[in-house]
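Hi everyone, thanks for coming. I'd like to walk you through one model today, going from single residues out to the whole fold. Have a look at the screen while I talk.

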Amino acid sequence: MKKLIILIAGFFVTLLPVGSAVLEGQVSYTVESARKIAFEGIERKIDASLFEDYMQDPNYKENKQVMKGKIELKNRSVQVFKGFIVPAYAVTYYDNPRYTYYYIKYLNQLAFVDIDEIDTTKKDIVFPFKTFRYDFKGRLIAVGLTTSLEERFLYKSNGKLISRWSGNTGYNAKGRKIGTVENLYTEE
């Protein structure tokens, strides 16, 4: 009997480290699995009046100064896209962070709007989450899926991959680098 108790106790002691180990991992996404999730339940058209006040950048002069590194702002962040055919920048206002407005750099004209399905300023972001890209008329032109802090997929509205982002670098469907984004975050 004593040997049996020692044997059982020994068995449980050897299991303790295994039983107390916490396994952590991250879900891996392929272009196809991300596409399937991204296109579930999307709206193809929305009311463009949601962003009519942003058809031209209301803070164009200040945002140009931010891009030149001359001033800092407290109510928004500005991102500059480098390496693309058309120079562009994006503005996200902290009071409505689900919306990001993209402008053609030298025309001060709204090109499109990204609308995140969640508030990405929260500390506990749940991945994956979708981003819907609409043109200035409210027509869906792209759908994105952010799978982690470091990985994002962007698809045309017909489902074709536009880019896969790893950190601040974007790659096309053939794996070629297409550009980078420079975050010009300001003091919050």
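Lys82 is in contact with Gly179, Thr180 and Glu182, leaving aside its neighbours within four places in sequence; contact here means heavy atoms within 4.5 Å. Lys82 lies in strand β1, residues 76-82. Its C-alpha atom is separated by 6.0 Å from that of Val181, although the two are 99 residues apart along the chain. At 43% relative accessibility, Lys82 counts as partly exposed. For the burial terms, buried is under 20% relative accessible area, exposed is over 50%, and partly exposed is in between, with a 1.4 Å probe and protein chains only.

A quick word on ground rules. This is a predicted model, so local features need pLDDT of at least 70 and side-chain atom pairs count only at pLDDT 80 or more, while totals for chains, interfaces and linings use all residues. Residues are numbered from 1 along each chain as its sequence is written, and side-chain values use heavy atoms, with hydrogens and water left out.

Now the overall layout. The protein has three helices and 10 strands. Reading from the N terminus, the elements run α-α-α-β-β-β-β-β-β-β-β-β-β. These are DSSP runs numbered from the N terminus: helices are H or I with at least four residues, strands are E with at least two. Of the 188 residues in the protein, 38% are buried. Among contacts between residues at least 6 apart in sequence, 39% join residues at least 24 apart.

Next, the aromatics. How many aromatic pairs does a search of the whole structure find? There are 10. To pair, rings of Phe, Tyr and Trp (its six-membered ring) need centres within 6.5 Å; planes under 30 degrees apart count as stacked, over 60 as edge-to-face, and the rest as tilted. Phe39 and Tyr155 have ring centres 6.0 Å apart and planes at 70°, so this pair is edge-to-face. The pair links distant parts of the chain, with the two positions 116 residues apart: Phe39 sits in the loop between α2 (31-38) and α3 (60-67), and Tyr155 in strand β7, residues 151-156. Both Phe39 and Tyr155 are buried.

Then there is a stacked pair, Tyr99 and Tyr101, at 6.3 Å centre to centre with 20° between the planes. Tyr99 is buried at a relative accessible area of 13%, and Tyr101 is buried at 4%. Together with Tyr54 and Tyr93, Tyr99 and Tyr101 form one aromatic cluster.

One cation to mention as well: the charged end of Arg133 sits over the ring of Tyr102, 5.0 Å from its centre. The test is NZ of Lys or CZ of Arg within 6 Å of the ring centre and within 35 degrees of the ring normal.

Tyr102 turns up again in the pocket. The largest pocket holds about 1,700 Å³ of space, and among its 48 lining residues, Gln79, Phe81, Tyr102, Asp114 and Arg152 lie nearest its centre. A pocket, on a 1 Å grid over the protein atoms alone, is an open set of points with protein on both sides within 12 Å along at least five of seven lines, and lining residues have an atom within 4 Å of a point. Grid points are joined across faces, edges and corners, and the volume is the space filled by probe spheres set on the points. The lining divides into 27 nonpolar, 14 polar and seven charged residues. In that split, Ala, Val, Leu, Ile, Met, Phe, Trp, Tyr, Cys and Pro are nonpolar, Asp, Glu, Lys and Arg are charged, and the others, Gly among them, are polar. Strand β6, residues 140-146, gives the largest share of the lining, five residues.

Ile141 lies in that strand, β6, and is partly exposed at 32%. Its contacts beyond four places in sequence include Phe112, Arg133, Asp135 and Tyr155. Asp135, in strand β5, is buried at 8% relative accessibility. From Asp114, the C-alpha distance is 9.0 Å to Asp135 and 10.0 Å to Ile141.

Last, two backbone details. A cis peptide bond joins Phe127 and Pro128, with omega about -5°; Pro128 is in the loop between β4 (109-116) and β5 (129-135). Asn108 has a positive phi of about 55° although it is not a glycine. Asn108 is in the loop between β3 (99-104) and β4, and is buried at 14%.

How values were computed
1 Å grid on protein atoms, 1.4 Å probe; cavity = no way out; pocket = protein on both sides within 12 Å on 5 of 7 lines; lining within 4 Å.
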